[in-house]
Amino acid sequence: MSKKKCIAMLLAGGKGTRLKELTQNLAKPAVPFGGKYRIIDFALSNCKNSSIDTVGVLTQYKQESLQNYIEDGEKWGLKNKIGGIAILQPNQNDDEEIRYEGTAHAVFENLRYIESQNPEYVLILSGDHIYKMDYSHLVNEHMQSGADATISVIKVPWSEADRFGIMNIDPASNRIIEFEEKPVQPKSNLASMGIYLFNWPVLKKYLVKEENNPISSKDFGKDVIPAMIRENCHLHAYHFNGYWKDVGTVQSFWEAHMDLLSVNTNPILKNEEWIIYTNGISHPPMYLDGKASLHQAIISEGCKVYGEVENSVLFYRVTVGKGARIKDSVILPNTVIGENAVINRAVVGSGSIISANAAVGDSKPFGEITLVGDNQTIQPLVYK
């Protein structure tokens with residue numbers, strides 16, 4: 001059997017409960033992002049652009065939404081006779097369907113798939129992060145370091161370090177010497193990005209070990225990485241300096257869209273040769289009425305704008321009625337904003353109708369972001 005250098009296992013099975021109504025009908029990685037994309041487009045495009053041509057997508061919750069979207073992977077250049085993309089659902093035994101218990105357990109349940117590819121290295125990715133990364137640089141640095149595993153890390157503000165898994169390293173060698181999960185008093189602001197590269201024999205050893213551990217939660221961050229550090233494995237830190245955002249909450253989802261509105265923080269506009277591919281449908285050109293007003297906005301295909309849009313992202317086929325005002329908001333596809341409606345600091349779900357004269361959200365800064373779920377109708381009452 002020929003040996004592959006590196007394959008990717010893309011974790012895409014989480015419920016995404018912190019995105020609330022946005023994941024009521026969709027897997028979290030299938031949630032729309034950036035006007036025309038889905039969240040999972042970024043990891044899949046990174047694989048394609050990094051010449052990783054074998055990707056296993058591990059699905060579980062609302063898996064049909066991802067299956068229907070990814071199809072055979074052709075849109076991302078991952079339809080190959082050898083390797084390509086594989087949708088990996090939880091296995092079934094004679095009595096019941098097996099559910100993935102943790103991130104490590106999800107990969108363990110697909111050992112047979114990995115073994116069939118015979119890789120030297122296995123790259124573990126998350127399907128709910130927004131970033132552009134050339135994984136080949138990570139692989140090359142891993143090989144040069146001689147490590148058992150390499151973890152991609154990024155500096156986060158010290159004020160936010162207690163929200164992440166934090167890596168404490170030897171600065172001379174970039175060797176990871178300690179891992180702390182959401183520490184109260186962090187010693188470092190180097191956060192794990194949830195991107196792990198393992199030598200395949202080492203990964204297999206620790207997956208089997210955690211599977212046989214009755215008190216393990218079978219998670220990479222909580223179990224596998226700490227166990228490897230305790231047993232003095234060589235773990236290397238790969239420093240990433242680009243844009244990266246975990247969009248697992250409504251607040252972070254909104255913040256990532258606000259980042260798109262500045263050329264300094266928009267990852268799509270940076271390194272435009274690193275294309276983000278998507279499985280999109282062609283729509284008519286957008287239409288701007290003579291009385292429409294736009295300022296610092298992203299307006300997608302198929303939109304019809306008669307009102308005012310400021311510092312907002314409109315996905316495809318959004319209609320903004322006369323006299324309507326949208327500010328600091330994200331409007332998902334196929335939504336209608338009625339005449340004289342007002343929307344502030346909100347995320348409005350797909351297919352919703354904000355009726356004429358309705359008000360959604362609060363213009364006060366630093367308040368909670370208002371979320372309207374998919375296919376909702378908001379009457380002219382304040383909705384907060």
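**From helix α7 to the cores and the parallel sheet**

Helix α7 is followed by Asn 232, whose phi is positive, near 60°; helices here are DSSP runs of H or I with at least four residues, strands are runs of E with at least two, and both are numbered from the N terminus. The model is predicted, so that local features need pLDDT of at least 70 and side-chain atom pairs count only at pLDDT 80 or more, while totals for chains, interfaces and linings use all residues. Residues are numbered from 1 along each chain as its sequence is written, and side-chain values use heavy atoms, with hydrogens and water left out.

At the N-terminal end of α7, Asp 219 acts as the cap, with a side-chain oxygen lying 2.9 Å from the backbone nitrogen of Gly 221. Because 9 of the 11 residues of α7 (residues 220-230) are buried, this helix is largely enclosed by the rest of the structure; buried means under 20% relative accessible area, exposed over 50%, and partly exposed in between, with a 1.4 Å probe and protein chains only. Among the buried residues of α7 are Phe 220, Asp 223, Val 224 and Met 228.

The largest nonpolar core has 40 residues, of which Leu 44 and Leu 123 touch the most other members; such a core is a set of buried Ala, Val, Leu, Ile, Met, Phe, Trp, Tyr and Cys residues joined through side-chain atoms within 4.5 Å. Elements that give two or more residues to this core include β1 (4-11), α1 (41-49), β6 (119-126) and β11 (190-199), and β11 gives the most, with 4 residues. A second, separate core of 39 residues includes Ile 7, Ile 124, Val 224 and Cys 233. Leaving aside its neighbours within four places in sequence, Leu 44 is in contact (heavy atoms within 4.5 Å) with Leu 10, Val 55, Val 57, Ile 70, Trp 76, Leu 78 and Ile 85.

Further along the chain, 6 strands form an open sheet in the order β14-β16-β18-β21-β24-β27, with parallel pairing, where two strands pair if DSSP finds at least two bridges between them. Its edge strands, β14 (287-288) and β27 (377-378), each pair on one side only. Within this sheet, β18 (residues 319-320) and β21 (residues 336-337) pair over 2 bridges, and Val 320 stands opposite Ile 337 in β21.

Val 318 is found in the loop between β17 (308-314) and β18, and it counts as buried because its relative accessibility is 0%. The C-alpha atoms of Val 318 and Thr 335, 17 residues apart along the chain, are separated by 4.9 Å.

How values were computed
Polar contact = N/O pair within 3.5 Å; in protein donor to acceptor, adjacent residues only side chain to side chain.
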